[in-house]
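Here's a walk through one protein chain, written for someone who likes to check distances and burial for themselves. Have the viewer open as you read.

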Amino acid sequence: MPSATGTRPSEARERLLRTASELFYAEGIRAVGVDRVLAEANVTRATFYRHFPSKDDLVVAYLRTVDEAARAVAARAKPGPERLRATVAEMAELVCSPGFRGCAFINAAAEFPDPDSPVHRAVTEHRQWLGSLFVHDLTEAGHPDPEGAAAHLMMLRDGAMVAGYLADADRARATLIRGLDAILSAAR
């Protein structure tokens with residue numbers, strides 16, 4: 001697929017990003033070194049640095065890819081209750097998917113606690129977007145307290161992401177969906 005400039009993205013860059021994404025998610029960001037990514041992606045160090053000046057840049061690109069996927073799900077639905085249900089349904093399915101290891105953003109924030117880190121900033125940007133989406137859609141749904149309800153929904157989402165990995169994924173999915181239903185029942 002051509003980029004915004006009309007050129008095709010580098011196959012090596014895509015391979016680096018795909019490999020790093022799989023490894024970072026499965027094993028943890030700090031647990032995976034650049035040498036491992038290079039070896040598994042079959043890419044030279046010079047090629048890596050041509051595309052990513054540092055490991056942090058690669059991690060930010062990984063998180064941006066996850067963010068773009070979430071935004072694509074949201075973009076396919078009509079704002080309001082429909083988009084909330086579609087977004088939460090996607091999250092709920094993710095929680096029960098094979099190989100689920102929690103939320104990529106929560107995991108990254110745990111590994112990069114410095115709020116000035118570019119990785120932590122990417123996590124914050126995603127969470128701000130998601131929170132804003134929740135507020136907007138709850139406003140559209142006529143919720144009397146869209147900001148409070150959005151915070152409640154974010155907490156439910158975060159809990160489901162953790163419980164889906166550490167506990168009963170089916171129960172986490174069901175609880176998240178029931179939570180959204182309860183929040184929406186307070187609307188109009």
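The notes below go from the whole chain down to single side-chain pairs.

## The chain as a whole

First things first: this is a predicted model. The chain has 188 residues, and 43% of them count as buried. Its secondary structure is nine helices and zero strands, so the pattern you get when reading along the sequence is α-α-α-α-α-α-α-α-α.

Laid along the principal axes, the C-alpha atoms fill a box of roughly 60 × 40 × 30 Å. The accessible surface is about 10,000 Å², and carbon and sulfur atoms own 55% of that. As for how the contacts are spread, take those with a sequence separation of 6 or more: 67% of them join residues 24 or more positions apart.

## What the record marks

UniProt has two features to look at here, both from an unreviewed entry. One is "domain: HTH tetR-type", placed at residues 10–70. Over that stretch the chain is 79% helix and 0% strand, with the end C-alpha atoms 23 Å apart.

The other is "DNA-binding region", which UniProt lists at residues 33–52. Residues 33–52 come out as 75% helix and 0% strand, and the C-alpha atoms at the two ends sit 14 Å apart.

## Helix H1, end to end

Helix H1 runs over residues 11–27. Its 17 residues reach 24 Å from first C-alpha to last, close to the 24 Å expected at 1.5 Å a residue. At the N-terminal end there's a cap from Ser-10, with a side-chain oxygen 3.2 Å from the backbone nitrogen of Ala-12. Past the other end, H1 is followed by Gly-28, which has a positive phi near 105°.

Which helices do the buried residues of H1 pack against? They pack against helix H2 (34–41), helix H3 (45–51), helix H4 (55–75) and helix H6 (104–111). The buried set in H1 includes Ala-12, Leu-16, Leu-17, Leu-23, Phe-24 and Tyr-25, and Thr-19 and Ser-21 are also among the buried residues.

## A threonine pair

Thr-47 is found in helix H3. Its relative accessibility is 12%, so Thr-47 counts as buried. The side chain of Thr-47 makes a polar contact of 2.9 Å with the side chain of Thr-44.

## Helix H8 and its neighbours

Helix H8 takes in residues 146–166. Its 21 residues should span 30 Å at 1.5 Å a residue, and the end C-alpha atoms are indeed 30 Å apart, so the two values agree.

The buried residues of H8 include Pro-146, Ala-149, Leu-153, Met-154, Leu-156, Met-161 and Gly-164. The packing partners for the buried residues of H8 are helix H5 (81–95), H6, helix H7 (118–140) and helix H9 (169–185). H6 turns up in the packing of H1 too.

## Salt bridges

Side chains of opposite charge can pair when their charged atoms come close. The count for this model comes to 13 salt bridges; here are some of them.

Start with Arg-36 and Glu-40, whose closest N and O atoms are 2.7 Å apart. Why are these two separated by about one helical turn? Because Arg-36 and Glu-40 are four residues apart in helix H2. Arg-36 is partly exposed at 32% relative accessible area, and Glu-40 is partly exposed at 47%. Both belong to a network of salt bridges that links Glu-27, Arg-36 and Glu-40.

Arg-71 and Asp-67 form another salt bridge, with 2.6 Å between the closest N and O atoms. Both lie in helix H4, four residues apart, or about one turn of the helix. Is Asp-67 buried or exposed? With a relative accessible area of 11%, Asp-67 is buried, whereas Arg-71 is partly exposed at 34%.

Then there's Arg-157 with Asp-158, a salt bridge at 2.9 Å from N to O. Arg-157 is buried, and Asp-158 is too. Both appear among the buried residues of H8.

How values were computed:
Residues numbered from 1 in each chain as written. Predicted model: local features only at pLDDT ≥ 70, side-chain atom pairs only at ≥ 80, totals over all residues. Heavy atoms only, no water. UniProt positions renumbered as here; feature names shortened; annotations may be inferred. Expected span 1.5 Å × (residues − 1). Buried < 20%, exposed > 50% of the residue type's maximum accessible area, 1.4 Å probe, protein only. Contact = heavy atoms within 4.5 Å. Polar contact = N/O pair within 3.5 Å; in protein donor to acceptor, adjacent residues only side chain to side chain. Salt bridge = Lys/Arg side-chain N within 4 Å of Asp/Glu carboxyl O. Areas by Shrake-Rupley, 256 points an atom, 1.4 Å probe, with all protein chains shown as cover.
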